[in-house]
Amino acid sequence: MDKLERLTTPTARLIGSLATIGVVLVATLLVALLLGGPLEQATGRARDAAERAWITAVLGGSPGAIDLAAISAQVDPALFATATPVVLYGPDDGRFALRLTTPDGYNGNIEFAMSVAADGRIGTLSVISHSETRGFGGDILAAGSRWLAAFRGRALDNPERSAWRLSADGGAIDGVSGATVTADAMITAINRGLRFVERRQAAVGTPGADHSGESVGR
């Protein structure tokens, strides 16, 4: 049994999970003590700070200017192929910030955030968490990834809707050798995120929004 196999035994995974939970609990208690408030208040502050962090990562600006009341969450398994809520933040300037998760990564969930302009074009993409392998799918998700940066300015009609696939599959988006599964998962999830914004705009009567009700699939 080699090292990799030993690390992936149920016992090792359980120990790792318990250790992670322990670290989180200790950190939460320390936050509560430092802030001098009840644990519930400290947990709430930490949660709000986490919300502001991903929004600031894709929209920029000051975290203090973020109105957390403008955040909404929607669970749409049919649209996103996951029961994880899609979180949407819409400031007054017409942009949107989304946080969503795709379960289709090579090693499981990939959570990321992105900004979408009022005209439906992608601004910034920021990966929050993933388990993809370094040297393969993990590289295209890293900070400063050129592959992720290439999505800036893309929209549902850029490339055209039928071309939101890897070029190897007849689409218009280039893949990366060794990261096909990761890239395919991200392309699909980003496209679904754009359609989520489109549906929301259609629901509130935004001019130019698509009212076709077209379903989303791989």
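Visitor: When do two strands pair?

Guide: Two strands pair if DSSP finds at least two bridges between them. Strands here are DSSP runs (E, at least two residues), and helices are runs too (H or I, at least four residues), both numbered from the N terminus. This is a predicted model, where local features need pLDDT of at least 70, side-chain atom pairs count only at pLDDT 80 or more, and totals for chains, interfaces and linings use all residues. Residues are numbered from 1 along each chain, and side-chain values use heavy atoms, with hydrogens and water left out. The answer is at least two bridges.

Visitor: What is the order of the strands in the open sheet?

Guide: The protein has seven helices and five strands. The open sheet holds five strands with antiparallel pairing. Its edge strands are β1 (71-74) and β5, each pairing on one side only. The order is β1-β2-β3-β4-β5.

Visitor: Which residue is the bridge partner of L88?

Guide: Strands of a sheet pair through backbone hydrogen bonds, either parallel or antiparallel. For β2 and β3 the sense is antiparallel, over three bridges. The partner of L88 lies in β3. That partner is L98.

Visitor: At about what angle to β3 does α7 run?

Guide: Axes are lines fitted to C-alpha atoms, for helices over the stretch in contact (heavy atoms within 4.5 Å). Angles run from 0 to 180 degrees between N-to-C directions. Helix α3 (residues 39-59) packs on the sheet, its direction making about 100° with that of β3. Helix α7 lies across β1, β2, β3, β4 and β5, at an angle to β3 of about 140°.

Visitor: Which residues touch the most other members of the largest nonpolar core?

Guide: A nonpolar core is a set of buried Ala, Val, Leu, Ile, Met, Phe, Trp, Tyr and Cys residues joined through side-chain atoms within 4.5 Å. Buried means under 20% relative accessible area, exposed over 50%, partly exposed in between (1.4 Å probe, protein chains only). The largest such core has 31 residues, and those touching the most other members are L98, F151 and I190.

Visitor: Which element gives the most to this core?

Guide: Several elements each supply at least two residues of the largest core, including β3 (96-105), β4 (108-116) and α7 (180-203). The top contributor gives eight residues. It is α7.

Visitor: Which residues does F151 touch?

Guide: Residues up to four places away in sequence are not counted. F151 belongs to the largest core. The residues that F151 touches are I122, L125, W164, I173, I187 and I190.
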